[in-house]
Amino acid sequence: MAFLDLPTHRLHYRIDGAEGAPWLTFCNSLGADLSMWDGQVAELAGDLRILRYDRRGHGRSSAAQGPYTIDQLGGDVLALWQALQIERSHFCGLSLGGLTGQWLGLNAADRLDRLVVCATAARIGTAESWAERIATVREKGLEPLVEGTVARWFTKGFSDRHQAQVKAIMDVFLATAPEAYIGCCNAVAQADFRDALPGLGVPLLAIAGDDDPTCPPADLQHIAQTVADGRCAQVPGRHLCNVESAAAFTAVLGDFLRV
């Protein structure tokens, strides 16, 4: 296991793949850890040098005192790149990871080769919806969110067929530090790139799950159509479409990165 110690928290990260190959950085959904990308890493590690990390308070990373901002979450990526001497990288982020990717595209374009944002939006949800979720977690913890999260993340058919896999993912969700989950909810609630996206010039692919109730395909199409150099793709599944349709997702991703 590898860790980067920062002034307020410690980040757990993992590197896989071919030494000397182009870098690809993966960024997780809220409530997930770096294992959510196992299906992609297994297929892409022969051609890429892959960095994954656990967001603050998730997985094996410690929780800094919240609330967090999207600037801070993007800064964690830049801190990892600096520590690991990564001058440029592809970046692929899902949901909150996709918001982090948009921030990087707008604030650190010179460090990016190609940008992939998945199951995300220029603005996710409303301030009221995030305030309601924060209040629930503050009062009752993460357990009351499990049933609704499973329904948002996966189709019922996938959940029924892959019960052990879904349980493992939800075990990670429940192990997330509540204060970090709340801190990240604050970051999502405040992140709004709708007016800024026309200034994002990095080549971008937006990937949608065709049945995603949180960030439907129209949200990803909007991103692709608004940035200077964007395209959109769609795969079967709900919010964690990279898990539910791992092969199709990885094929689209690999093609865009020209692996």
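Start with the contacts across the whole protein chain: among those with a separation of 6 or more, 75% join residues 24 or more positions apart. Keep in mind as you look around that this is a predicted model.

Now switch to a cartoon view. The protein chain shows eleven helices and eight strands. Zoom out until everything fits on screen: the C-alpha atoms occupy a box of roughly 45 × 40 × 40 Å along the principal axes. A compact globule of 259 residues would have a radius of gyration near 18 Å, and the protein chain, at 17 Å, agrees with that.

Next, turn on the surface. About 10700 Å² of the protein chain is exposed, with carbon and sulfur atoms supplying 47% of that area. Underneath, 55% of the 259 residues count as buried. If you colour by charge, you can pick out 22 positive and 30 negative charges, whose mean positions lie 1 Å apart.

Time for the rings. The whole structure holds six aromatic pairs. Select W37 and F249 to begin: their ring centres are 6.3 Å apart and the planes meet at 45°, so this pair is tilted. W37 sits in the loop between β3 (23-27) and α1 (38-44), while F249 belongs to helix α11 (residues 246-256), so the pair links parts of the chain 212 residues apart. Both W37 and F249 are buried.

Then select W153 and F154. Here the ring centres are 6.5 Å apart with planes at 85°, which means the pair is edge-to-face. W153 and F154 are buried too.

For a last stop, add F158, F173 and Y181 to that selection: together with W153 and F154 they form one aromatic cluster.

Note on methods: Residues are numbered from 1 along each chain as its sequence is written. This is a predicted model: local features need pLDDT of at least 70, side-chain atom pairs count only at pLDDT 80 or more; totals for chains, interfaces and linings use all residues. Side-chain values use heavy atoms; hydrogens and water are left out. Helices (H or I, at least four residues) and strands (E, at least two) are DSSP runs, numbered from the N terminus. The radius of gyration is taken over C-alpha atoms; the globule rule is 2.2 Å times the number of residues to the power 0.38. Buried means under 20% relative accessible area, exposed over 50%, partly exposed in between (1.4 Å probe, protein chains only). Contact means heavy atoms within 4.5 Å. Accessible areas come from the Shrake-Rupley method with a 1.4 Å probe; for residues, only the protein chains shown count as cover. Lys and Arg count as positive and Asp and Glu as negative; His and the chain ends are not counted. The place of a charge is taken as NZ of Lys, CZ of Arg, CG of Asp or CD of Glu. Rings of Phe, Tyr and Trp (its six-membered ring) pair if their centres lie within 6.5 Å; planes under 30 degrees apart count as stacked, over 60 as edge-to-face and the rest as tilted.
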